[in-house]
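Me: I would like a close look at a single part of this model. Please describe one element in detail, together with its surroundings.

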Amino acid sequence: MTNANSLHHLTPPQVVRVPVPHVLRRCLPASHEAEAALAALLAGGPLPPLDVHRLSDGLASAQGHAVLRAPACWTDAQLRWAYVVILRHLGQLNGRYGQLFDVMDRGLDHTTSNAPVSKTKAATGMHTDSSDARYNPDLVALLCLKPGASGGQSILASAEDLLARLRQSHPELEPIARRPFPREVVTPGLQDHRAAIEANAIPVFAEDEYGLVFRYMRYWTERAMAKLEMEVPADLTRLFDFIDADTAEHALRFSLQRGDMLIAHNRTVVHGREAFEDLPGAARRCLVRAWVDGFHDSRAQSLSLRA
Ligand SMILES: [Fe+2]
């Protein structure tokens, strides 16, 4: 993992593209068998062997992300099957919102309800996934089935670079970045539970045994503090403004095409998407989200096997 005291990108960052492992093309189920094969995989069935070292190394590197491009002519079920094979080789799929969650505009508004932004067509703002203090997925993945009519660009930025620039230009803000502040609780049934929101406090920057942990959700933090009638410290607002401005300046922006699988390290990469529009008569935008746990453990295992 890169030392966040120094900026490591001497060249402008770019999207890291990794080919879809060739073995997947050889063992792809036929289109009429793909739904059943996918169901078997999601039920924990056996995986075809796959070497994911290159992908895994890329995700653990300073770039912290990769985009694989599977053939657009594969059916949705074949694409989902290949996606699950790859992700299960990197760790375990988390099932709290279903192992695969279709991110689509469902006509909801997250500003007037507790609907997640993933059910709207709004810009998400830069964030890391999961507002639950007790749960943080290692990897967040998105498979593009339908890119939509307009907008919806993906945005990625490095939290390590962000921290290095914060230390250079606003070192006085690092202490508040390491203080836990409450975040909105969006678990159904707990939304208005004051004690649950108070207990759901997370710092923006922390470290654990695997290195840097960056957890950023400005919208849900400010909303939680408003619900608790807590004053937002001026330094916290300055920190949020810095993060938003810095990521806007340095982020990678790109469009996903059908068959693209974006996988990002949720501890060191902050992500977002632009607003999008589905047009009448055109296919609605649909990205399949998955959360992967145990990525670090799976890497430790594979590294010891290689040693
Ligand atoms: Fe997200």
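Reply: The following account concerns one helix and what surrounds it. This is a predicted model, in which local features need pLDDT of at least 70 and side-chain atom pairs count only at pLDDT 80 or more, while totals for chains, interfaces and linings use all residues. Residues are numbered from 1 along each chain as its sequence is written.

The part chosen is helix 2, which spans residues 34-42; helices (H or I, at least four residues) and strands (E, at least two) are DSSP runs, numbered from the N terminus. Its buried residues are Ala 34, Ala 37, Leu 38 and Leu 41. A residue counts as buried if 20 or more other C-beta atoms lie within 10 Å of its own, as exposed if 12 or fewer do, and as partly exposed in between, with C-beta atoms placed from the backbone. These four residues lie on the same side of helix 2 because they cover an arc of only 100 degrees around the axis, the arc being that of the directions from the helix axis to the C-beta atoms. An α-helix has 3.6 residues a turn, so residues three or four places apart point the same way.

The buried residues of helix 2 pack against helix 4 (76-90), where a contact requires that the C-beta atoms of two residues, placed from the backbone, lie within 7 Å. On the other side of helix 2, Ala 36 and Ala 39 are exposed. After helix 2 comes Gly 44, with a positive phi near 95 degrees.
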